[in-house]
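Visitor: I have a model open in front of me and would like to learn how to read it. Could you take me through some features, one at a time?

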Amino acid sequence: MASIGEVLQFYLFAHLGIASLPDWDFDALFVPPDYGGLPVLTYPFKVAAQATGKPIYIWTINDPEQMNKLLEKHIQGILSDYPKTLDNQID
């Protein structure tokens, strides 16, 4: 799992189009949907994660509408305090 610093560096590199340059020392990105008012799950971030083989897991999503939006974006995982609500969105 990427540290906060690694996520920030990955985010910046993704937006610069150079996320594939470093040999990242993590297997997955566990991130909130936004941080400090900035969206984390941007198009460049998602494309860079896919290109580098790093799955994205979003936390903590408890709103069913937000769960649906993330499921439509084919995120690899959603962490929630209400797994049954998430399970209902998948069915």
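Visitor: Let me begin at the end of a helix. Which residue follows helix 2, and what is the sign of its phi?

Guide: Keep in mind that this is a predicted model. Helix 2 is followed by glycine 53, and the phi of glycine 53 is positive, near 75 degrees.

Visitor: How do I read the faces of that helix? Which residues of helix 2 are buried?

Guide: A good way in is to list the buried residues and then ask how they are arranged around the axis. In helix 2 the buried ones are Phe45, Lys46, Ala48 and Ala49. Because they cover an arc of only 165 degrees around the axis, they sit on the same side of helix 2. Tyr43 and Ala51, on the other side of helix 2, are exposed.

Visitor: What do the buried residues of helix 2 pack against?

Guide: Their partners are helix 1 (4–16), strand 1 (29–31) and strand 4.

Visitor: Now a charged residue. Where does lysine 54 lie, and how far away is the nearest side chain of opposite charge?

Guide: For a charged side chain, check burial, then look for a partner. A salt bridge here needs a side-chain nitrogen within 4 Å of a carboxyl oxygen. Lysine 54 lies in the loop between helix 2 (43–52) and strand 4 (56–58). Lysine 54 is buried but has no salt bridge, because aspartate 27, the nearest side chain of opposite charge, is 5.0 Å away. Leaving aside residues up to four places away in sequence, lysine 54 touches Trp24, Phe26, Asp27, Leu29 and Ala49. Ala49 is also one of the buried residues of helix 2.

Visitor: Two threonines caught my eye. Is threonine 42 buried or exposed?

Guide: The relative accessible area settles this, with buried meaning under 20%. Threonine 42, in the loop between strand 3 and helix 2, has a value of 14%, so threonine 42 is buried. Beyond residues up to four places away in sequence, threonine 42 touches Tyr11 and His15. Threonine 85, in helix 4 (residues 83–90), has a value of 24% and is therefore partly exposed. Not counting residues up to four places away in sequence, threonine 85 touches Pro64 and Met67.

Visitor: Last, the largest pocket. What is its volume, and which residues are closest to its centre?

Guide: With a pocket, take the volume and then the lining. The largest pocket has a volume of about 320 Å³. Of its 14 lining residues, Ile4, Val7, Leu8, Tyr35 and Val40 are the closest to the centre. Helix 1 gives the largest share of the lining, four residues, while helix 1, strand 1 and strand 3 (38–39) each supply at least two.

Terms used
Residues are numbered from 1 along each chain as its sequence is written. This is a predicted model: local features need pLDDT of at least 70, side-chain atom pairs count only at pLDDT 80 or more; totals for chains, interfaces and linings use all residues. Side-chain values use heavy atoms; hydrogens and water are left out. Buried means under 20% relative accessible area, exposed over 50%, partly exposed in between (1.4 Å probe, protein chains only). Lys and Arg count as positive and Asp and Glu as negative; His and the chain ends are not counted. Contact means heavy atoms within 4.5 Å. The arc is that of the directions from the helix axis to the C-beta atoms. On a 1 Å grid over the protein atoms alone, a cavity is a set of points where a 1.4 Å probe fits but cannot get out, and a pocket is an open set with protein on both sides within 12 Å along at least five of seven lines; lining residues have an atom within 4 Å of a point. Grid points are joined across faces, edges and corners, and a volume is the space filled by probe spheres set on the points.
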